[in-house]
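Trainee: I would like to learn how to read a protein structure. Could you walk me through this one, feature by feature?

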Amino acid sequence: MTRADFDVEDLEAPRRNILVFHGVGGIGKSTLSRKIEASLASSEHRPVQWESPSHPEERTLPVRIDLARAAGMDFERVILTIRLAVAALGRPMPAFDLALRRYWEHNHPGEPIEDYLRRGGLLSRFSAAAALPQQMQSALSDVAQALLLPGTVGGALGHGAGALIKALRERRQSVRALASCSRLADLLEAEPDLEALSFYPHLLAWDLAQLPADKSALPVILLDTFEDTGDRTHRDFERLLQRIVWLMPNVFFVVTGRNRLQWAETSLEGQLDWTGANAWPSLVSDAADRGSGVSGRQILIGDFTDCAVSVGGTRRGGL
């Protein structure tokens, strides 16, 4: 994602923004996930045998998401958790925030998002979480001002939604910056349901890509207990999570679970949106690597003490 030709809106390029640790239960996968999160957040928690990240610590945004059923993590909370992690940058994410606001007011009428975050414990988890409603409001106010609408874009983007979509499609000067997000108008026009929500990470990736170089950030999303997604209505939950990984190529994902990810296998075609070796070259398995437990970026816990693995562009050995 640091290449000069990197395009966050390219939905066809192979994805290599994922690392998988897998192994039997009780072997330490969740402990490793927590340790990676802590070490990326603060160097004082980094084991001495781990090299320092190549990305500046202050611009690395690690967040661990426990997908265990007992944790009560549904897809909506996954999306909110990722956005709350990004709130630490102190800036609105205008494309994403506009879409999320529309989704929220349609699916949670009369319930302020801050009340939901507080009740779900998310406000207390993230130090910058309290700023999210203000960041979202800022994005709404900027659009209202650009379109000469009274107040903010308002209730479910109200009448302002049509005006904004029209302005985006016409690429008006007043919304020129947002108009460069080629899929924003389509996603604002779509029914704001769970299906639409699952594509909003593309908007967040676009927002992150617009940050000035000296303000850029690398979110590192750690998805733990991934095996608990496997039988949630025939891979439906896994399919939604895969969309996040695919639609956010400028974010690094670390998956921990009991099983290898099968995304590079064509046998899952039709169950997931992107499958096969061309889509996920780093997740490809071959007979030679199965014996050692290491294949690309899928690492069997217990069999990698002599190898080095990469987390967010950093070499880490002796785990």
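Trainee: Let me begin with one residue: does W246 count as buried or exposed?

Mentor: A good place to start. Please keep in mind that this is a predicted model. Buried means under 20% relative accessible area. W246 has 1% relative accessibility, so W246 counts as buried.

Trainee: What share of the whole chain counts as buried?

Mentor: Of the 319 residues, 50% count as buried. The chain holds 13 helices and 8 strands. As for contacts with a separation of 6 or more, 71% of them are between residues 24 or more positions apart.

Trainee: Let us return to W246. How do I describe a pair of aromatic rings?

Mentor: Two values do the job: the distance of the centres and the angle of the planes. This structure holds 5 aromatic pairs. Take W104 and Y116: their ring centres are 4.9 Å apart and their planes stand at 75 degrees, so this pair is edge-to-face. The pair links distant parts of the chain, with W104 in helix 3 (residues 94–107) and Y116 in helix 4 (residues 113–119), 12 residues apart. Both W104 and Y116 are buried.

Trainee: And how are the rings of W246 and W274 arranged?

Mentor: Their centres are 4.8 Å apart and their planes are at 10 degrees, so the pair is stacked. Here too, distant parts of the chain are linked: W246 belongs to helix 12 (residues 236–247), while W274 is in the loop between strand 4 (252–257) and helix 13 (287–290), 28 residues away. W274 has 18% relative accessibility, so W274 counts as buried.

Trainee: Which residues do ring pairs link into a cluster?

Mentor: The cluster consists of F226, W246, W263, W274 and W280. W246 has another neighbour to look at: the charged end of R15 sits over the ring of W246, 4.5 Å from its centre.

Trainee: That brings me to charges. What can side chains of opposite charge do when their charged atoms come close?

Mentor: They can pair. In this structure the count comes to 15 salt bridges. One of them joins E105 and R101, with N to O at 2.5 Å. Both of these residues lie in helix 3, 4 residues apart, which is about one turn of the helix. E105 has 21% relative accessibility, so E105 counts as partly exposed.

Trainee: Which residue does E111 form a salt bridge with?

Mentor: The partner of E111 is R119, and their closest N and O atoms are 2.5 Å apart. R119 is exposed, at a relative accessible area of 57%.

Trainee: What does the salt bridge between R258 and E227 tie together?

Mentor: First the distance: the closest N and O atoms of R258 and E227 are 3.8 Å apart. R258 lies in the loop between strand 4 and helix 13, and E227 in the loop between strand 3 (218–224) and helix 12, so the pair ties together parts that are 31 residues apart in sequence. R258 is partly exposed, with a relative accessible area of 48%, and E227 is partly exposed as well, at 23%. Elsewhere, salt bridges link E195, R239, R243 and D273 in a network.

Trainee: Where does D207 lie, and which side chain of opposite charge is nearest to D207?

Mentor: D207 is in helix 11 (residues 200–209). D207 is buried yet has no salt bridge, and the nearest side chain of opposite charge is R83, 6.7 Å away. Leaving aside residues up to four places away in sequence, D207 touches M93, P94, A95 and F96.

Trainee: R83 is a new name to me. Which residues are buried in helix 2?

Mentor: R83 is among them, together with others including F75, E76 and V86. In fact, 12 of the 12 residues of helix 2 are buried. Helix 2 (residues 75–86) reaches 17 Å from its first C-alpha to its last, close to the 16 Å expected.

Trainee: One last feature, the backbone. What is the phi of R171 near?

Mentor: Phi of R171 is near 50 degrees, a positive value in a residue other than glycine. R171 is placed in the loop between helix 7 (158–169) and helix 8 (176–179), and R171 is exposed, with a relative accessible area of 53%. T225 has a positive phi too, near 55 degrees. T225 is in the loop between strand 3 and helix 12 and is buried, at 13% relative accessible area.

Technical notes:
Residues are numbered from 1 along each chain as its sequence is written. This is a predicted model: local features need pLDDT of at least 70, side-chain atom pairs count only at pLDDT 80 or more; totals for chains, interfaces and linings use all residues. Side-chain values use heavy atoms; hydrogens and water are left out. Helices (H or I, at least four residues) and strands (E, at least two) are DSSP runs, numbered from the N terminus. The expected span of a helix is 1.5 Å times one less than its number of residues. Buried means under 20% relative accessible area, exposed over 50%, partly exposed in between (1.4 Å probe, protein chains only). Lys and Arg count as positive and Asp and Glu as negative; His and the chain ends are not counted. A salt bridge is a side-chain nitrogen of Lys or Arg within 4 Å of a carboxyl oxygen of Asp or Glu. Contact means heavy atoms within 4.5 Å. Rings of Phe, Tyr and Trp (its six-membered ring) pair if their centres lie within 6.5 Å; planes under 30 degrees apart count as stacked, over 60 as edge-to-face and the rest as tilted. A charge sits over a ring if NZ of Lys or CZ of Arg is within 6 Å of the ring centre and within 35 degrees of the ring normal.
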